[in-house]
Amino acid sequence: MNTAKIAYKPVGLALGAVSGMLAGAAFKQAWKMLGHDEDAPDATDEHRTWREVLAAATVQGAIFAAVKAAVDRAGATATRRMTGTWPG
């Protein structure tokens, strides 16, 4: 393993935690705007329709993937600037 990959490991773990928090907050806001409801439905909520549950899961997955990709890319770019090597 090269130095950039080793140096990036703890940074990547921290960025993963940050991206999870950011994505959770973004999803909560998006669901309020899209669903007109405070809380997204749980898969086992019997008072919610299949459409609602699957829509919430789809939106949540898309937001989490986009935020994770953006944060990971920013972390890799910052690592390259600091070390001169791409960590991936």
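# Briefing: a two-helix predicted model

Gly75 lies in helix H2, one of the 2 helices of this protein, which has 0 strands. The structure is a predicted model. Its radius of gyration is 17 Å, whereas a compact globule of 88 residues would be near 12 Å. Of the 88 residues, 22% count as buried.

**Overall form**

- Helix H1 covers residues 3-35, and helix H2 covers residues 50-83.
- The C-alpha trace spans about 55 × 20 × 15 Å along the principal axes of the protein.
- Among contacts between residues at least 6 apart in sequence, those joining residues at least 24 apart make up 56%.

**Surface and charge**

- The protein has an accessible surface of about 6,300 Å². Carbon and sulfur atoms account for 63% of that surface.
- There are 10 positive side chains and 8 negative ones. The centre of the positive set and the centre of the negative set are 21 Å apart.

**The aromatic pair in helix H1**

- A search of the whole structure yields 1 aromatic pair. The partners are Phe27 and Trp31, with 6.2 Å from centre to centre and 35° between the planes.
- The pair is classed as tilted, because its angle falls neither under 30 degrees, the limit for stacked planes, nor over 60, the limit for edge-to-face ones.
- Both Phe27 and Trp31 belong to helix H1, where they are 4 residues apart, or about one turn of the helix.
- Phe27 and Trp31 are both buried.
- Phe27 is also in contact with a residue of the other helix: Val59, which is found in helix H2, has Phe27 and Leu34 as its contacts once neighbours within four places in sequence are left aside.

**Contacts of Ser19, Gly75 and Val59**

- Ser19 is placed in helix H1. With a relative accessibility of 6%, Ser19 counts as buried, because the cut-off for burial is under 20%.
- Val67, Lys68 and Val71 are in contact with Ser19 when its neighbours within four places in sequence are left aside. These three contacts fall within the range of helix H2, residues 50-83.
- Gly75 has a relative accessibility of 7% and therefore counts as buried. Not counting residues up to four places away in sequence, Gly75 touches Tyr8 and Leu15; helix H1, residues 3-35, includes both of these partners.
- Val59 has a relative accessibility of 22% and so counts as partly exposed, because the buried class is limited to values under 20%.

**The loop and the segment after helix H2**

- Thr49 sits in the loop between helix H1 and helix H2. Its relative accessible area of 45% makes Thr49 partly exposed, because exposed residues are those over 50%.
- Thr85 belongs to the segment after helix H2. Thr85 is likewise partly exposed, as its relative accessible area is 32%.

**Separation along the chain and in space**

- Thr85 and Thr3 are 82 residues apart along the chain, and their C-alpha atoms are separated by 8.7 Å.
- Gly75 and Asp42 are 33 residues apart along the chain, with 32 Å between their C-alpha atoms.
- For Val59 and Val11, the C-alpha separation is 27 Å, and the two residues are 48 apart along the chain.
- For Thr49 and Ala23, the C-alpha separation is 24 Å, and the two residues are 26 apart along the chain.

Key. Residues numbered from 1 in each chain as written. Predicted model: local features only at pLDDT ≥ 70, side-chain atom pairs only at ≥ 80, totals over all residues. Heavy atoms only, no water. Rg over C-alpha atoms; globule rule 2.2 N^0.38 Å. Buried < 20%, exposed > 50% of the residue type's maximum accessible area, 1.4 Å probe, protein only. Contact = heavy atoms within 4.5 Å. Areas by Shrake-Rupley, 256 points an atom, 1.4 Å probe, with all protein chains shown as cover. Lys, Arg positive; Asp, Glu negative; His and termini not counted. Charge placed at Lys NZ, Arg CZ, Asp CG, Glu CD. Phe/Tyr/Trp six-rings, centres within 6.5 Å; stacked < 30°, edge-to-face > 60°.
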